[in-house]
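The following exercises concern the structure shown below. Each task is followed by a worked solution in steps.

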Amino acid sequence: MKLRKWLTYCGVFVVIFSLSALVYFSIAFKNGIDSIAAEWSEAQPNPLGDFGSTKTLSILPLVNWHTRDNSLQGEAGVSYLIKTDHNTLLFDVGFNKGGNSPSPLEHNMAQLGIEIESIDTIFLSHAHLDHRGGQQWVNKNTFSIGKEQIDLSDKKIYSPIPTEYPNAQVTVTPKATIIAEGMASLGAIPRQLAIGRIEEQALVINVEGKGNVIIVGCGHQTVPKILAHSAKVFNAPLYGLVGDLHYPLPEGRLSFFGINLQRRFASGDGPHKPITLATMERDLDLLTTQNLGAIALGGHDTSDQVIERFKLRFGDKYHHVRVGDWIDIVPPNQK
Ligand SMILES: [Zn+2]
Ligand SMILES: [Zn+2]
């Protein structure tokens with residue numbers, strides 16, 4: 001009898017605790033959405049003006065879901081090597097989900113003959129585990145290319161939020177900022193996700209005679225906000241969009257006990273309202289109105305079905321994102 005009473009008390013406690021947690025979470029989430037909406041409506045981004053240009057632009061996926069062949073390692077993370085006339089930049093540093101040495105990024109760089117010494121700039125899109133080398137580094141407010149942090153003291157490093165790295169300085173770019181000749185950060189655009197608030201920056205490269213190419217890490221900012229913000233900040237027309245947008249539809253690449261993490265927990269409307277096909281179609285239509293000369297979608301957070309949809313819509317303007325395959329916007333030999 002005593003045991004039954006005790007179990008009843010426990011049951012009531014669990015129900016009350018769960019309901020309180022749900023109410024607390026819902027209020028915090030709603031407050032987050034409201035404060036970002038207010039920030040967005042008040043934001044007056046400063047136009048950057050002329051930030052120079054590059055004649056050539058080539059992008060090599062170093063980490064992503066799809067690979068050119070089996071000698072390269074694919075994973076649900078992001079890293080791109082970006083080469084202009086003036087700079088060689090590493091955009092994000094992959095996931096290294098298994099905590100391996102070499103990490104998929106290090107393995108693929110070695111296979112593709114890319115040496116860390118050739119890179120002068122590191123650009124971090126946002127502080128999620130699949131872009132910073134794993135959760136352990138996010139927890140320590142830093143990032144890593146491999147299992148251990150290597151010397152990056154000779155690199156320029158940019159992050160949308162304060163970030164540490166041993167013996168290196170990380171420049172924080174909450175607002176649109178010129179980072180090199182023909183290269184700028186779009187600045188941090190915030191989004192309230194079910195897993196918390198995130199600030200994400202995209203890289204913008206001005207290609208002479210064509211216009212700006214925007215390179216995106218996860219696309220949490222949303223396509224309408226990326227386009228609206230970039231139109232306010234930059235004079236040059238938009239020529240291309242390369243990288244990863246968040247369309248894990250019908251399912252994403254990461255799941256936990258059968259729950260799709262990318263679709264539910266990275267939804268901007270809460271886990272009860274996962275990302276929908278209607279949102280993807282709205283963005284696709286919006287991108288179509290931009291008359292882009294080049295578009296490429298990475299598979300780390302976009303399903304194969306959505307990639308096919310984009311390919312069909314953009315035809316020969318569409319480039320596949322595969323680790324090991326260069327995406328040449330203007331290759332060096334056409335300089
Ligand atoms: Zn991601
Ligand atoms: Zn992310």
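**Exercise 1. The first zinc site**

Which residues coordinate the zinc ion (ligand 1), and through which atoms?

Solution. The model is a predicted one.

Step 1. The zinc ion (ligand 1) is bound by Asp-130 through OD, His-131 through NE2, Cys-218 through SG and His-300 through NE2, at 2.1 to 2.2 Å.

Step 2. Along the sequence, these donor residues follow the spacing D-H-x86-C-x81-H.

Step 3. The angles among the 4 donor atoms run from 92 to 150°. Four donors count as tetrahedral if all angles lie between 85 and 135 degrees. The site of the zinc ion (ligand 1) is classed as irregular.

Step 4. Two of the donors, Asp-130 and His-131, are buried.

**Exercise 2. The second zinc site and the bridge**

Identify the protein donors of the zinc ion (ligand 2), and state which residue bridges the two ions.

Solution.

Step 1. The donors of the zinc ion (ligand 2) are His-126 (NE2), His-128 (ND1), Cys-218 (SG) and His-220 (NE2), which lie 2.1 to 2.8 Å from the ion.

Step 2. The sequence spacing of these donor residues is H-x1-H-x89-C-x1-H.

Step 3. This site is irregular as well, with angles of 86 to 170° among its 4 donor atoms.

Step 4. Cys-218 is the bridging residue, and the zinc ions (ligand 1 and ligand 2) are 3.6 Å apart.

Step 5. His-128 belongs to the loop between strand E4 (121–123) and helix H3 (129–132), and His-220 to the loop between E12 and H5, so the pair ties together parts that are 92 residues apart in sequence. Both His-128 and His-220 are buried.

**Exercise 3. The nonpolar cores**

Which residues of the largest nonpolar core touch the most other members, and which elements give two or more residues to this core?

Solution.

Step 1. The core has 31 residues, and those touching the most other members are Phe-234, Leu-245, Tyr-247, Leu-287 and Phe-310.

Step 2. Two or more residues come from each of strand E12 (211–216), helix H5 (223–233), strand E13 (238–243), helix H7 (277–288), strand E16 (294–297) and helix H8 (304–314).

Step 3. Another core, of 25 residues, lies apart from the largest one; Ile-59, Ile-82, Val-242 and Ala-294 are among its members.

Step 4. Leaving aside residues up to four places away in sequence, Tyr-247 touches Val-223, Met-280, Asp-283, Asp-301, Thr-302, Ser-303, Val-306 and Phe-310.

**Exercise 4. Helix H7**

Compare the expected span of H7 with the distance between its end C-alpha atoms, and locate its buried residues.

Solution.

Step 1. At 1.5 Å a residue, the 12 residues of H7 should span 16 Å. The end C-alpha atoms of H7 are 16 Å apart, in agreement with that expectation.

Step 2. Met-280, Asp-283, Leu-284 and Leu-287 are the buried residues of H7.

Step 3. Because they cover an arc of only 105° around the axis, these residues lie on the same side of H7. An α-helix has 3.6 residues a turn, so residues three or four places apart point the same way.

Step 4. The packing partners of the buried residues of H7 are H5, E13, E16 and H8.

**Exercise 5. Backbone features in loops**

Where are Asn-96 and Asn-167 found, and is each of them buried or exposed?

Solution.

Step 1. Asn-96 is in the loop between E3 and H2. Its phi is near 50°, a positive value in a residue other than glycine.

Step 2. Buried means under 20% relative accessible area. Asn-96, with a relative accessible area of 8%, is therefore buried.

Step 3. Asn-167 occupies the loop between strand E5 (156–159) and strand E6 (170–172). Although Asn-167 is not a glycine, its phi is positive, at about 60°.

Step 4. Exposed means over 50%. Asn-167 has 71% relative accessibility and therefore counts as exposed.

Step 5. The loop between strand E3 (88–91) and helix H2 (104–111) also holds Pro-102. The peptide bond from Ser-101 to Pro-102 is cis, with omega near 0°.

**Exercise 6. Separation in sequence and in space**

How far apart in space are Thr-8 and Gly-209?

Solution.

Step 1. Thr-8 is located in helix H1 (residues 2–42), and at 46% relative accessibility Thr-8 counts as partly exposed.

Step 2. From C-alpha to C-alpha, Thr-8 and Gly-209 are 73 Å apart, with their positions 201 residues apart in sequence.

Definitions and conventions: Residues are numbered from 1 along each chain as its sequence is written. Chains are lettered from A and ligands numbered from 1 in the order in which they are written. This is a predicted model: local features need pLDDT of at least 70, side-chain atom pairs count only at pLDDT 80 or more; totals for chains, interfaces and linings use all residues. Side-chain values use heavy atoms; hydrogens and water are left out. Donors are N, O and S atoms within 2.8 Å of the metal (3.2 Å for Na, K and Ca); water is not among the atoms, so sites may look incomplete. Four donors count as tetrahedral if all angles lie between 85 and 135 degrees; four count as square planar and six as octahedral if opposite donors are over 155 degrees apart and all others between 65 and 115; anything else is irregular. Buried means under 20% relative accessible area, exposed over 50%, partly exposed in between (1.4 Å probe, protein chains only). A nonpolar core is a set of buried Ala, Val, Leu, Ile, Met, Phe, Trp, Tyr and Cys residues joined through side-chain atoms within 4.5 Å. Helices (H or I, at least four residues) and strands (E, at least two) are DSSP runs, numbered from the N terminus. Contact means heavy atoms within 4.5 Å. The expected span of a helix is 1.5 Å times one less than its number of residues. The arc is that of the directions from the helix axis to the C-beta atoms.
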